[in-house]
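Here's a quick walk through a model you may want to have open on screen. We'll start with the membrane annotations and work outward to the partner chain.

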Amino acid sequence: MILHRRNLLTAGAGLMGTALLGGCDRFAGSDAGRQTLQVGEDANQYVQRLLMSPTTLAREFPAAMISPWFKPNGTIDPPDRAYRALAAKKFAEFKLTVDGLVQTPLSLSLADLRALPSRTQITRHDCVEGWSCIGQWAGVPLAEVLKRAGLKPQARYAVFHCADTLEYAGGGLEGGDGAFLGRPGHPGAVRDAYIQLAAAEDWGGAPTATDAPKDDWGQGSPAAEPEDKRTPIRYYESIDLYDAFNPQTILAYDLNGKPLPVSNGAPLRLRVERQLGYKQAKYVMRVEMVESLNGIGQGGGGYWEDRGYEWYAGI
Amino acid sequence: MAASPALQAPETVDRQGRRWFYRHPLVIRLAHWINAAVLLVLLMSGLQIFNAHPALYWGAVSTFDDPALAITSDQGRDGKSRGVVTVGTRTFDTTGVLGLSREGGTEVERAFPSWATLPADQDLATGRRWHFLFAWLLVINGAVYLTYGLFSGQLRRRLIPDGDQIRHFGASVKEHLLLRFPEGTEAKRYNVIQKLTYLVLVLGLLPAMVLAGLAMSPGMDAAWPWLTELFGGRQSARSVHFIAAGLIVLFVVVHVLLVLVSGLVNNMRGMITGWFSLGRDREGAR
């Protein structure tokens, strides 16, 4: 009797272990599984926003705590021909487009943006991978831009369209078959490549060539992409009005008192300080106000969101 | 002692003269097994998340050149890749397990090996989703356990040493180290080391784990900046989270070993059915 029960327990534990380890991945890959795992994200957003108000600020730090090297991540040197042409002229011809559900679509040069009210903040950048850097950002509050454009009543989200291509539709960066497209949450080769790239960059800590300000805005690179008939998938991100009108939500043009380097998102990047690094879209070219995220990418609200990461990145 | 809930718990003697004691109420049993499963998922998804940036630092930010701990791989003197754990200035070759391990016949550079992470592949996004969903389960399960434990008197009975146990602390430690486990009435309560260990785990380690996890969240840092400050900054909180995870693993290892040596069947039966045998009672025997 006892022996029988012991066997049962051992078998049960073994079965549970196998089911857990093998079954988890299958569960996470199914629609029901994804929806279940989504519950945690919804709970996090709901509870965190109970604990703060729309105007709650992220912590700001003294200048002495600024990191000597602000680690660039994700795209650090966009391969796009159009972007390189802009960079070659030090973004003199850059225009930020503000459109979508706005009363007055805007087209703003860097000089226009710098002429608007500005905000300077020393904040901590928290990467989803786990590391942090502190930097001083200066830029125009997104609220100032949106006020000038005037929101239509249906506008609920601000979508940031960026200049940097991360992959091509129907054929990934590595010439893959694009099988991961349409399957958000599935570990894609491109994402892994980027994660490995990011991890590889950590060690040594030496700034890459693109970090040196003198290299930043200058020579058009000979390595510019060849004319490509495939459809590029460029970085995109989105936030809701709760974050869009927070005073710390800025379109930053300076990092640590100098114009933003290319590796950190020149000429303009989003700072949405109460969320993780992948929300801080770099190389922002266009702010589009929308009612729903359904028509953007695959509907997740951002490049990484369409690849399994949370839209609400407050944790 | 007369008022102790332990003595009020149901007790019976079977026909063979064995004394049985209803040691674990249903809520405690459920909470225990849910906790065990949830902690396993949290550990494995946590190692997946750690793998995305396998280094720890102290303070607010990452000092990339100078991590407190790092799990990487490099080229050994023989030119072969090896897994390396760096703690401060000391390095350890951990090839095969940490930094460099085999996955389906090929060597891969990853901090924790695929058998230890959830998902098995490098997939931070899915690891995070598992981690945060199960963090909620941990908190809800813990809240049920604590509320029940507080109002039923179970928490006090299980975690707070009785006066005589404190007076005989030294003797109890010796008994425990010699792996001598009490029988009869004395087995109705946990010994003083058990109580203190569970106390540290339930009211120290697990809450610290949850708080250190929350302290890493930029949203929480905006809402409750004091929390991150309590740990000395976000990167410190991440390190504390990692160390606390290690201590919980250590607890589980010792816990399981002691369950094995102090009577696997009786212990498991106790935690599954609630009934724990106190052994044969001399007076009660036929």
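Residues 26-50 of chain B are 100% helix and 0% strand in this predicted model, with the end C-alpha atoms 35 Å apart. That stretch is one of those UniProt lists as "transmembrane region" in an unreviewed entry, along with residues 130-151, 198-220 and 240-261 of chain B. Here is how two of the listed spans look in the model:

| Span | Helix | Strand | End C-alpha distance |
|---|---|---|---|
| Residues 26-50 of chain B | 100% | 0% | 35 Å |
| Residues 198-220 of chain B | 91% | 0% | 28 Å |

The same kind of record, again unreviewed, puts "domain: Cytochrome b561 bacterial/Ni-hydrogenase" over residues 23-274 of chain B. Over those residues the chain is 59% helix and 12% strand, and the end C-alpha atoms sit 6 Å apart.

Now for chain B as a whole. There are eleven helices and nine strands in chain B, and its C-alpha trace spans about 75 × 45 × 35 Å along the principal axes. Of the 286 residues in chain B, 36% are buried. If you take contacts in chain B between residues at least 6 apart in sequence, 60% of them join residues at least 24 apart.

One helix pair is worth a look. Helix H7 (residues 192-215) and helix H10 (residues 234-261), both of chain B, have axes that come within 8 Å and cross at roughly 145 degrees. The crossing of H7(B) past H10(B) is left-handed. On the H7(B) side, the residues that meet H10(B) include Leu201(B), Leu205(B) and Met209(B), while H10(B) brings in Val240(B), Ile248(B) and Phe251(B), among others. By class, this contact has 13 nonpolar, two polar and one charged residues.

What about the partner chain? Chain B puts 38 residues in contact with 47 residues of chain A. Helix H3 (124-152), helix H8 (218-223), H10 and helix H11 (264-273) of chain B each supply at least two residues to that side. H3(B) gives the largest share, eight residues. Sorted by class, the side of chain B that touches chain A has 23 nonpolar, eight polar and seven charged residues.

Over in chain A, helix H2 (residues 31-51) passes a simple length check: its 21 residues should span 30 Å at 1.5 Å a residue, and the end C-alpha atoms are 31 Å apart, so the two agree. Which residues of H2(A) are buried? They are Leu37(A), Gly40(A), Glu41(A), Asn44(A) and Gln48(A).

Note on methods
Residues numbered from 1 in each chain as written. Chains lettered and ligands numbered in written order. Predicted model: local features only at pLDDT ≥ 70, side-chain atom pairs only at ≥ 80, totals over all residues. Axes fitted to C-alpha atoms, helices over the stretch in contact; angles between N-to-C directions. Helix = DSSP H or I, 4+ residues; strand = E, 2+ residues; numbered from the N terminus. Left-handed = near helix turned anticlockwise from the far one by under 90°. Contact = placed C-beta atoms within 7 Å. Nonpolar A, V, L, I, M, F, W, Y, C, P; charged D, E, K, R; others polar. UniProt positions renumbered as here; feature names shortened; annotations may be inferred. Expected span 1.5 Å × (residues − 1). Buried ≥ 20, exposed ≤ 12 C-beta atoms within 10 Å, placed from the backbone.
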